[in-house]
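Trainee: I'm new to this one, so please walk me slowly through how its side chains pair up. Take one part at a time and stay close to the details.

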Amino acid sequence: MIGIDVGGANLKVVDKSGVHIHYCPLWSGAPLSELLGRYAGSGDEAAVVMSGELADCFSNKQEGIAFITAAVKKAFPRARFYGTDAKFHDGPVPALAAANWLASADYLRSKYPDAVVLDIGSTTADIIPLNRFSSLLDLTDLLRLQKGYLVYTGMLRTPVATLVSSVDVHSVPTPVSTEYFAASADAHLVLGHIAPEQYTCDAPDGKEKTCEASLRRLARVVCADLSEIGESGALAVASAFWDRQRTMIRDAVARVKEESGASSVIVAGIGAAIFAKECGGTDLTTELGPAADALPAYAVREVAVRTRGN
């Protein structure tokens, strides 16, 4: 059994050899079937979740669902798809839209029945109260945004200007440009939260993914060259972004924890280590290893095996 999570930006696969993560931007025509074909073997079964149907290359979610299911079926004809009804489906039904977070909840709820899950990835933060599993069924991303269960910011792909409108550069309050000059990956790289090899998405300017290049991009957020504001000025932009991002996520987790009456927080995703500290939670990487960075793919595989055994 292979677990697959097809996001708009990343493809995550969990098989018997381990965890495999590919940058796979669907809006750019990434070769999804070809990438999956590397893992297809004779008679292999696949359990699949998705969130990539929201990519703006599709005119609506159902078109995206149909595209993704067809691409997966090309590589894995026996693939089954997990939906927001907590059931597996053979074809492109509407319930498949953005069900990856629910698969994670379905897997974790027996071991952590009174926890809130924070899965902080490249693009979004999913916040899931496991003690309310039945009330989670059939939630769309729109409803999750409204409930505070989805915070649309992540460790790599969030434009810096979406979270901050002004930063202090050498003690001078400075409005930011709203151009896509720098991403959260740039802020987290220069602050030491991620390593260069974890900067897996495209850089906003398409250039190098080094600390120096990230500092240049961050300087542009305030319409400057790095030589104008120096490293300290660019770091001030990164720090302002990080302060806002961690406050947003930390507050959202605390709110869901209080509302649900949960007793603990568990954290997965590329930001697991840093946000476990921020939220006073447990880093699932200690239990799951690399699979914590591909939690829905790992979870849907485990749920499918469990379901098949019943």
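Mentor: Let's start with R109, whose charged end sits over the ring of F133, 3.9 Å from the centre of that ring. (To count, NZ of Lys or CZ of Arg must be within 6 Å of the ring centre and within 35 degrees of the ring normal.) Keep in mind that this is a predicted model, where local features need pLDDT of at least 70, side-chain atom pairs need 80 or more, and totals for chains, interfaces and linings use all residues. Residues are numbered from 1 along each chain as its sequence is written, and side-chain values use heavy atoms, with hydrogens and water left out.

From that ring, let's go on to rings that meet other rings. There are four aromatic pairs here (Phe, Tyr or six-membered Trp rings with centres within 6.5 Å; planes under 30 degrees apart are stacked, over 60 edge-to-face, the rest tilted). One of them is Y107 with Y298: the ring centres are 5.5 Å apart and the planes stand at 80 degrees, so this pair is edge-to-face. Find Y107 in helix 3 (residues 100-108) and Y298 in helix 11 (residues 295-309); the partners are 191 residues apart in sequence, so their pairing ties together parts that lie far along the chain from each other. (Helices, H or I with at least four residues, and strands, E with at least two, are DSSP runs numbered from the N terminus.) Y107 is buried, with a relative accessible area of 19%, and Y298 is buried too, at 18%. (Buried is under 20% relative accessible area, exposed is over 50%, partly exposed is in between; 1.4 Å probe, protein chains only.)

Another of these pairs is W242 with F275. The centres of these two rings are 5.4 Å apart and the planes make an angle of 75 degrees, so this pair is edge-to-face as well. Here too, distant parts of the chain are linked: W242 belongs to helix 8 and F275 to helix 9 (residues 272-279), 33 residues apart. W242 counts as buried at 7% relative accessibility, and F275 is buried with a relative accessible area of 0%.

Not every residue of helix 9 is tucked away like F275. A273 is in helix 9, and it is partly exposed, with a relative accessible area of 45%. If you want to gauge a distance across the model, go from A273 to A203: the two are 70 residues apart in sequence and 23 Å apart in space, C-alpha to C-alpha.

Back to helix 3, the home of Y107. Nine of its nine residues are buried, so helix 3 is largely enclosed by the rest of the structure. You can tick them off as you look: N100, W101, L102, A103, S104, A105, D106, Y107 and L108.

Now for the charged pairs. The structure holds 16 salt bridges (a side-chain nitrogen of Lys or Arg within 4 Å of a carboxyl oxygen of Asp or Glu). R80 makes one of them with D90, and the closest N and O atoms are 3.2 Å apart. That bridge links distant parts of the chain, with R80 in strand 5 (residues 80-82) and D90 in the loop between strand 6 (88-89) and helix 3, 10 residues apart. R80 is partly exposed, at a relative accessible area of 36%.

Inside helix 5 there's another one, where the side chains of D141 and R144 meet at 2.8 Å, N to O. Both partners lie in that helix (residues 141-147), three residues apart, about one turn of the helix. D141 counts as buried at 14% relative accessibility, and R144 does at 2%.

Next, look at R217 and D186, whose side chains also meet in a salt bridge (2.8 Å, N to O). R217 sits in helix 7 and D186 in helix 6, so to speak from two distant parts of the chain, 31 residues apart. R217 is buried at 1% relative accessibility, and D186 is buried at 0%. Salt bridges can also share partners, and in this way D243, R246, R250 and E278 are joined into one network.

Finally, helix 7 itself (residues 211-220): R217 has buried company there in A213, S214, L215, L218 and A219. The cover over the buried residues of helix 7 includes helix 6 (184-190) and helix 8 (226-260), where contact is heavy atoms within 4.5 Å.
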